[in-house]
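Have your viewer ready and let's take a short walk through this one together.

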Protein chains: 2
Amino acid sequence: MFDKGILLIISGPSGAGKGTVVRELMKNDKYCLSVSVTTRAPRAGEEEGVSYYFRTEEEFKGLTERGELLEYASFCGNYYGTPLKYVEARLSEGKNVILEIEVQGAVQVKERCPDAILIFLTPESISDLEDRLRGRGTETDEVISMRLDRAREEVRLMDKYDYIVLNDLVRNATSRINGIVETEKYASERNRDFPEKFLSEKE
Amino acid sequence: MFDKGILLIISGPSGAGKGTVVRELMKNDKYCLSVSVTTRAPRAGEEEGVSYYFRTEEEFKGLTERGELLEYASFCGNYYGTPLKYVEARLSEGKNVILEIEVQGAVQVKERCPDAILIFLTPESISDLEDRLRGRGTETDEVISMRLDRAREEVRLMDKYDYIVLNDLVRNATSRINGIVETEKYASERNRDFPEKFLSEKE
C-alpha cells in the first residue's frame with residue numbers, strides 16, 4: 001500500500017487556531033513542517049535549513065523562474081516561498097509535510113500538486129471566530145472587523161478544499177486530521193500500482 | 001457538519017473476508033445492513049422487512065421499472081435487489097448503510113449514488129487469497145481456480161473504487177473502514193451548506 005508521505009495544506013481564517021493545531025500535530029514524528037525559503041535576513045539564533053533557507057532576492061528570483069517553488073508570496077518587503085525539492089524529499093521519506101498557508105497560496109499548491117490535501121480549519125461559526133479573536137485581547141476592533149470580513153470571503157472558497165475540519169477542541173481537530181491522513185493512504189488514487197503488486201506476488 | 005449516514009459498498013474477491021468484516025462492523029450501531037428485496041420464497045424463520053422484503057416477480061419487475069432499486073441481479077432463478085427508499089430512510093437517520101455486493105453491482109450503485117463510498121476489501125496478494133480459499137477446505141481445486149481468475153479480473157477494476165482496504169486482520173480492516181467513514185464526513189463535498197451555516201450564526 002501507499003507508503004509515501006502526504007502533503008497537507010492547512011489553511012483557514014485568522015483566529016481559527018492553525019498554529020496550535022499544527023504544533024500539536026508536530027508532536028508526532030510522522031509529520032514535519034516545510035522549511036521556507038526567504039529573502040529576509042536571518043535573526044539571531046535562526047539556522048540555515050532549519051528556520052529558513054536564506055537566499056538573496058536574485059537567488060529567490062531564480063528559484064521562481066525555474067519553477068522550484070510550490071508557492072510564494074511577499075510580506076513586509078520580503079519574499080517567502082515553499083521549496084518543491086525539500087517537500088518532495090520529505091514525502092519520499094514517508095513524512096507528512098504540513099504547509100500552513102493562506103487560501104490563495106493553498107489553491108496555487110493544489111494546482112501544482114493535485115495529490116496534496118487541502119484542509120480548511122475553522123471554528124463552527126463566524127461568531128465563534130469573533131469570540132476567539134476578541135479573547136486574544138491583542139487586536140483592535142478595526143483589525144478584528146477586517147479579519148472577520150476576510151473570513152467571510154475565505155469560507156466561500158470552501159469548494160477548493162478537500163476537507164473541512166472544525167476546531168472545537170485542539171485534540172478533536174488533531175485527531176480528525178490524523179484520521180484524514182490515515183484514510184487518504186487507502187485512497188485508490190494513491191494506490192494505482194496495487195493491482196500489479198497484488199498479482200505479482202503470485203509466484 | 002454532515003450528520004447523515006454514508007452508503008458504504010463493500011466489495012472484493014470471494015475469500016477476502018467480506019462477511020466477517022461486515023459482521024464486525026455491525027457490532028457498532030452506527031452501521032446497518034441494507035435489507036434486500038427478493039422474489040425467492042421465504043424460508044422458515046425469515047421475516048418480512050428484516051431478512052428480506054419478499055415480492056412476486058411481477059412486483060419486482062414494477063420496482064425495477066419505476067427505478068426503485070439501486071441495483072439488482074438474479075441468482076439461481078431468483079431476483080435480488082436493493083431498495084432505494086429503505087437505504088435513503090436509514091441514511092437520513094444517520095445510519096451508515098452497508099451493501100456487500102459484487103463489483104458489477106457496486107459500479108451500478110455508484111452511478112446512481114455518487115455519494116456512496118466504494119471499498120475494495122482485499123488480501124495483500126493473489127497468493128494470500130489462494131491460501132485463504134484453500135484454508136476454508138470447502139472448495140474444489142476447480143472452484144478455487146475459477147475464483148482466483150475472477151479475482152484477477154476484479155482487481156483490475158480497482159479504479160472504480162474509492163478506497164482499497166487490506167484485510168490482513170479483521171480488526172485492522174474494521175478500524176480502517178471506521179476511519180474512512182469518519183473522515184468522509186469532513187469531505188467538503190458533503191458539507192456544501194457549511195459556508196451558509198458558518199455565516200448565519202453571526203446574529
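How many residue pairs are in polar contact between chain A and chain B? The count is 13, with both residues at pLDDT 80 or more; a polar contact is a pair of N or O atoms within 3.5 Å, where within protein one must be able to donate a hydrogen and the other to accept it, and residues adjacent in sequence count only if both atoms are side-chain atoms.

This is a predicted model, in which local features need pLDDT of at least 70, side-chain atom pairs count only at pLDDT 80 or more, and totals for chains, interfaces and linings use all residues. Residues are numbered from 1 along each chain as its sequence is written, chains are lettered from A in the order in which they are written, and side-chain values use heavy atoms, leaving out hydrogens and water.

Stay at the interface and select the contact residues (heavy atoms within 4.5 Å): 33 of chain A meet 33 of chain B. On the chain A side, pick out the elements giving two or more residues, including helix 5 (126-136), helix 6 (141-156) and strand 9 (163-166); helices and strands are DSSP runs (H or I, at least four residues; E, at least two), numbered from the N terminus.

Next, select strand 1 (residues 7-11) of chain A, where 5 of 5 residues are buried (under 20% relative accessible area, 1.4 Å probe, protein chains only). L7(A), I9(A) and S11(A) lie on one side, L8(A) and I10(A) on the other.

Now add the neighbours. Strand 1 of chain A pairs in the parallel sense with strand 7 (residues 96-100) over 4 bridges (pairing takes at least two DSSP bridges), and L7(A) has V97(A) as its bridge partner there. Strand 8 (residues 117-122) of chain A also runs parallel to strand 1, joined by 4 bridges; look for F120(A) opposite S11(A).

Notes:
Buried means under 20% relative accessible area, exposed over 50%, partly exposed in between (1.4 Å probe, protein chains only).
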